Amino acid sequence: MVEKLQTNVVGELIPIANATQNGLLSKQTAPSTLYIRNKTYIELHHSLPADWNTFMFLLMISGTGIADGDAVLIIHGSNKSNSEGRCIAKSLYGNLPKSLQLKWEQKPDKSIHIYLVEAEGGKMGGYRLFKQHCCLENENTDIIALDTLDISALKDLVVS
């Protein structure tokens, strides 16, 4: 009984790792998670504003209430001085639901922003869990639900 009590006390003292604090894991390895319903636009990630930056992250999508299955994607790219950035997505498991589209843009400061958009302006039905896990140090960004997004200038990010 004493051992169980000591374990509970110690466990309560260790914080949960997230993008801003260390816990059992380093904050650099803690995933960013968004549990969402009825949104059209999500910003998955944005790279650092730099002349040369490489980024890579895993995106896990799961949920209920949607006919399409779950998916795990690896998304990576870079932004280079004096040239256009690049961005590539590869499916590791399952497929991106047909109703969702990956889009990206490079901002004037050279940062690359990656979005997930519900096709044809619809809203994501049911509940869906999005988890992003960065594979490089000092790269975590939170997944953010956006109320509006001008997608006319965004490029398609094709999943192979």
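**Group meeting: the strands of a predicted model**

I start in the middle of the fold. Strand E6, residues 100–106, pairs with strand E7 in the antiparallel sense, and the two share seven bridges. One pair to look at is Gln106, which stands opposite Ile112 in E7. E6 and E7 form a hairpin, with five residues between them. In that turn, Lys110 has a positive phi of about 80°.

Before going on, a word on what this is. The model is predicted. The protein chain averages a pLDDT of 77, and 70% of the residues score at least 70. Confidence is lowest in helix H1, residues 2–13, where the mean is 54. It is highest in E10, at 94. I will say little about the helix.

Now the overall layout. The protein chain has one helix and ten strands. Along the sequence, the pattern is α-β-β-β-β-β-β-β-β-β-β, with the helix at the start and the strands after it.

Back to the hairpin, and the sheet around it. Five strands form an open sheet, in the order E9-E2-E7-E6-E10, with antiparallel pairing. Which strands stand at the edges? They are E9, residues 144–146, and E10, residues 155–156. Each has a single partner strand, so one side of each is left without a neighbour in the sheet.

Going across the sheet from E9, the next strand is E2. E2 covers residues 41–46, and its antiparallel pairing with E9 runs over three bridges. In that pairing, Glu43 has Ile144 of E9 as its bridge partner. On the E7 side, E2 pairs in the antiparallel sense over five bridges. There, His46 has His113 of E7 as its bridge partner.

E7 deserves a minute. It spans residues 112–118, and seven of its seven residues are buried. Which residues point which way? Ile112, Ile114, Leu116 and Glu118 point one way, while His113, Tyr115 and Val117 point the other way. Residues on both sides of E7 are buried, Glu118 and His113 among them.

That brings me to the cores. The largest nonpolar core has 23 residues. Those with the most contacts inside it are Leu44, Ile75, Leu102, Ile114, Leu116 and Phe130. You have just met Ile114 and Leu116, which point one way from E7. The elements that give two or more residues to this core are E2, E3 (52–64), E4 (71–80), E5 (86–94), E6, E7 and E8 (127–134). The largest share, four residues, comes from E3. Apart from this core lies another, of six residues, among them Tyr41, Val117, Leu146 and Leu149. Val117 is on E7 too, and it points the other way from Ile114 and Leu116.

Next, the chain as a whole. Buried residues make up 34% of its 160 residues. Of the contacts with a separation of 6 or more, 65% are between residues 24 or more positions apart. The accessible surface comes to about 9300 Å², and 54% of that belongs to carbon and sulfur atoms.

I finish with one residue at the surface. Ser152 is found in the loop between E9 and E10, the two edge strands. Is Ser152 buried or exposed? Its relative accessibility is 64%, so it counts as exposed. Its side chain makes a polar contact with the side chain of Asp150, at 2.7 Å.

Definitions and conventions. Residues are numbered from 1 along each chain as its sequence is written. Side-chain values use heavy atoms; hydrogens and water are left out. Two strands pair if DSSP finds at least two bridges between them. pLDDT is the predictor's confidence in each residue, from 0 to 100. Buried means under 20% relative accessible area, exposed over 50%, partly exposed in between (1.4 Å probe, protein chains only). A nonpolar core is a set of buried Ala, Val, Leu, Ile, Met, Phe, Trp, Tyr and Cys residues joined through side-chain atoms within 4.5 Å. Contact means heavy atoms within 4.5 Å. Accessible areas come from the Shrake-Rupley method with a 1.4 Å probe; for residues, only the protein chains shown count as cover. A polar contact is a pair of N or O atoms within 3.5 Å; within protein, one must be able to donate a hydrogen and the other to accept it, and residues adjacent in sequence count only if both atoms are side-chain atoms.
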